[in-house]
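Reader: Got a minute to go through this fold with me? I'd like to start with contacts, then move to the sheet.

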Amino acid sequence: FNPSTTIKFSLPKESHVTLSIYNSMGQEVSKLLSKEMNAGVYTTEWNAVGFASGVYYYRIVAGNFTETKKLLFLK
């Protein structure tokens, strides 16, 4: 069992990036990133030790761009 997952994203230009994990009730449970980043391709890891199995969502905000995706965590 591996309790971590890797999230990959790319930035076309320098932006302030925020990457957060939310539970199914919309509560933020983890903030992975909140910093200024240069253009490029990045990966970040969410270590879910201590979290219950279930549906989570991750949201990335970079400049004017926002995207939310579903993440299924099973133990």
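Reader: Which residues does Tyr56 touch, leaving out those up to four places away in sequence?
Author: This is a predicted model, to be clear. With residues up to four places away left out, Tyr56 touches Ile21, Tyr22, Asn23, Val29, Trp46, Phe51, Lys69, Lys70, Leu71 and Phe73.

Reader: And the largest nonpolar core? Which of its residues touch the most other members?
Author: Phe9, Val17, Leu19, Trp46 and Tyr56 do, out of 17 residues in that core. β1 (4-11), β2, β3, β5 and β6 (65-73) each supply at least two residues. β5 gives the largest share, 4 residues.

Reader: Switching to the sheet. What's the strand order?
Author: β3-β2-β5-β6. The sheet is open, with 4 strands and antiparallel pairing. β3 and β6 each have a single partner strand, so one side of each is left without a neighbour in the sheet.

Reader: How much twist is there, on average, from one strand to the next?
Author: The average is 15°.

Reader: How many bridges for each pair?
Author: β2 (residues 15-23) and β3 (residues 28-37) are joined by 8. Between β2 and β5 (residues 54-62) there are 7. β5 and β6 pair over 9.

Reader: What links β2 to β3?
Author: They form a hairpin, with 4 residues between the strands. Gly26 sits in the turn and has a positive phi of about 85°.

Reader: Is β2 largely enclosed or open, and why?
Author: Largely enclosed by the rest of the structure, because 8 of its 9 residues are buried.

Reader: Pick Ile21. What are its bridge partners in β3 and β5?
Author: In β3 the partner is Ser30. In β5 the partner is Tyr58.

Reader: And going on from Tyr58, which residue is the partner in β6?
Author: Lys69. So the chain of partners can be followed across the sheet: Ser30 with Ile21, Ile21 with Tyr58, then Tyr58 with Lys69.

Reader: Back to Ser30. Buried or exposed?
Author: Buried. Its relative accessibility is 16%, and the cut-off for buried is under 20%.

Reader: What does Ser30 touch, beyond residues up to four places away in sequence?
Author: Ser20, Ile21 and Trp46. Ile21 is also the bridge partner of Ser30. Trp46 turns up again among the contacts of Tyr56.

Reader: Last one. Where do side chains point along a regular strand?
Author: They alternate between the two faces of the sheet.

Notes
Residues are numbered from 1 along each chain as its sequence is written. This is a predicted model: local features need pLDDT of at least 70, side-chain atom pairs count only at pLDDT 80 or more; totals for chains, interfaces and linings use all residues. Side-chain values use heavy atoms; hydrogens and water are left out. Buried means under 20% relative accessible area, exposed over 50%, partly exposed in between (1.4 Å probe, protein chains only). Two strands pair if DSSP finds at least two bridges between them. Contact means heavy atoms within 4.5 Å. A nonpolar core is a set of buried Ala, Val, Leu, Ile, Met, Phe, Trp, Tyr and Cys residues joined through side-chain atoms within 4.5 Å. Axes are lines fitted to C-alpha atoms, for helices over the stretch in contact, and angles run from 0 to 180 degrees between N-to-C directions.
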